[in-house]
Amino acid sequence: MEWGSFTECREYLRDYGISKRFGMRKIMNNKVRQEYVCDDDDNCGWFVKCSSMSDNVTFRLKKGEFKHTCQPRGLETALANRKWVSHKILGYVRDNPDCKPKAIRRRVKRKYKVNISYWTAWHARWRCLEMILGSFEDSYAKVPELCEQIKKDNPGSIATFSRDSRTKQFTGLCVAYNASLEGYKDARPMIGLDAFHSNGGVIMSVTSLDGHGGLFPLAVYFTRLECKETWNAFLEIIAPSLRLHDKPLTFISDKQKGIEYGVQRQFGDVNHFHRLCFRHHYKNMKMKHPGPEIEKLAWKAAKSYNELIIIKQ
Ligand SMILES: [Zn+2]
């Protein structure tokens, strides 16, 4: 039996151990020789010896005793480590990047008849994401170049990032395309401020409304946390562009403390309004008052600008 490389040989033996449900103990594992025995070698004579051929690449099985005399193991095996799992689920994670460790555990058990821990599944998923998307470190290192390219290809756009002056760690990235900023001058003077919490970070957004009342995206800000400082940093970058509108601005948000602080700091000196987003407000209300009837009434009330209209509706 032969394998194309040292790695192929090692992976084959690992797959073989997992499929036959026994453990292996390494005696020798280098680029020239690989030797393994059954991990219950007091009771079992199973072993394999493989070594490289004269081309120093191809591996060949030299010797072995392939009959186990030990008891088969259960569904747990140390051979199914995070590296092995990540190779087996790479395609699945590529198609389902948001998959949960629970789903990975179920899949591995169904396909390979082996139990893996929650954390093995968790680490395996991250390994896959790194293989697919590259590591976080590599991505952060590309941020300055990304900003340059955005500005070069879309003159007039905002693309800027910040770092902690002491640790040099990434703190935020703001992107607003020139086409959006130009279009904003004719959009309605409504500014929606919101944040989306993703894996380990936050994406903040500034949107406006077009003539048809549809959402008109203006700018995004990628950062670690949603707080006073980050909202203020984002609004400070985008405020000069927002101020170009010739009508007083109305901000709509969930009035999270950071947003109120940022708006006050950046627009406190000009005439503006700050209103509560009813969708957020209703979400809180729904917890105490569930049901479709109250939802219908609540939205009617929200859309009425005086008492008479509520009664008519
Ligand atoms: Zn054995």
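1. Two strands count as paired if DSSP finds at least two bridges between them. Strands (E, at least two residues) and helices (H or I, at least four) are DSSP runs, numbered from the N terminus. In these terms, S2 is joined to S3 by a hairpin through three residues.

2. This is a predicted model, in which local features need pLDDT of at least 70 and side-chain atom pairs count only at pLDDT 80 or more, while totals for chains, interfaces and linings use all residues. Residues are numbered from 1 along each chain as its sequence is written.

3. The protein chain is divided into domain 1 (1-77), domain 2 (80-134) and domain 3 (149-303); the bounds come from an automatic or database domain assignment. Between domain 1 and domain 2, the C-alpha centres lie 24 Å apart. Five residues from domain 1 and six residues from domain 2 take part in the contact, where contact requires C-beta atoms, placed from the backbone, to lie within 7 Å. The side of domain 1 that touches domain 2 has two nonpolar, one polar and two charged residues. For these classes, Ala, Val, Leu, Ile, Met, Phe, Trp, Tyr, Cys and Pro count as nonpolar, Asp, Glu, Lys and Arg as charged, and the others, Gly among them, as polar.

4. One open sheet has five strands in the order S1-S5-S4-S3-S2, with antiparallel pairing. Its edge strands are S1 (2-3) and S2, each of which pairs on one side only. Strand S2 (residues 24-29) runs antiparallel to S3 (residues 33-38), and five bridges join the two; Met24 has Cys38 in S3 as its bridge partner. Five bridges also connect S3 to S4 (residues 47-52), again in the antiparallel sense. Across that pair, Val37 is matched with Phe47 in S4, and Arg33 with Ser51 in S4.

5. A second open sheet is built from seven strands in the order S6-S7-S10-S9-S8-S11-S12, and its pairing is mixed. Strands S6 (158-163) and S12 (272-276) stand at the edges with a single partner strand each, so one side of each is left without a neighbour in the sheet. Neighbouring strands of this sheet are turned by 20° against each other on average, direction ignored. Axes here are lines fitted to C-alpha atoms, for helices over the stretch in contact, and angles run from 0 to 180 degrees between N-to-C directions.

6. Within the seven-strand sheet, S8 (residues 188-198) and S9 are antiparallel and joined by eight bridges. Gly192 has Thr207 in S9 as its bridge partner. The two strands form a hairpin with two residues between them, and Gly200 in the turn has a positive phi of about 70°. Strand S9 (residues 201-209) also pairs with S10 (residues 215-223) in the antiparallel sense, over eight bridges, with Ile203 opposite Phe222 in S10. By contrast, S8 pairs with S11 (residues 249-253) in the parallel sense over three bridges, and Met190 stands opposite Thr250 in S11.

7. Turning to the helices, the axes of H2 (residues 82-95) and H3 (residues 101-112) come within 11 Å and cross at roughly 105°. H2 is therefore roughly perpendicular to H3; angles under 35 degrees count as roughly parallel, over 145 as roughly antiparallel, 65 to 115 as roughly perpendicular and the rest as oblique. Val85, Lys88, Ile89 and Tyr92 of H2 meet Ile104, Arg107, Val108 and Tyr112 of H3. The contact of H2 with H3 comprises six nonpolar, no polar and two charged residues.

8. H2 also packs against H4 (residues 118-133), at an angle of about 60° and with the axes 8 Å apart. H2 and H4 are therefore oblique to each other. Their crossing is right-handed; the term applies if the near helix is turned clockwise from the far one by less than a right angle, and left-handed if anticlockwise. Residues of H2 in this contact include Val85 and Ile89, both of which also take part in the contact with H3. The contact of H2 with H4 divides into 10 nonpolar, three polar and four charged residues.

9. Helices H8 (residues 228-242) and H9 (residues 257-267) pack at an angle of about 35°, with their axes 8 Å apart. The crossing of H8 past H9 is right-handed. Among the residues that meet are Trp231 and Leu235 in H8 and Ile259 and Phe267 in H9. By class, the contact of H8 with H9 has seven nonpolar, five polar and four charged residues.

Key. Two residues are in contact if their C-beta atoms, placed from the backbone, lie within 7 Å.
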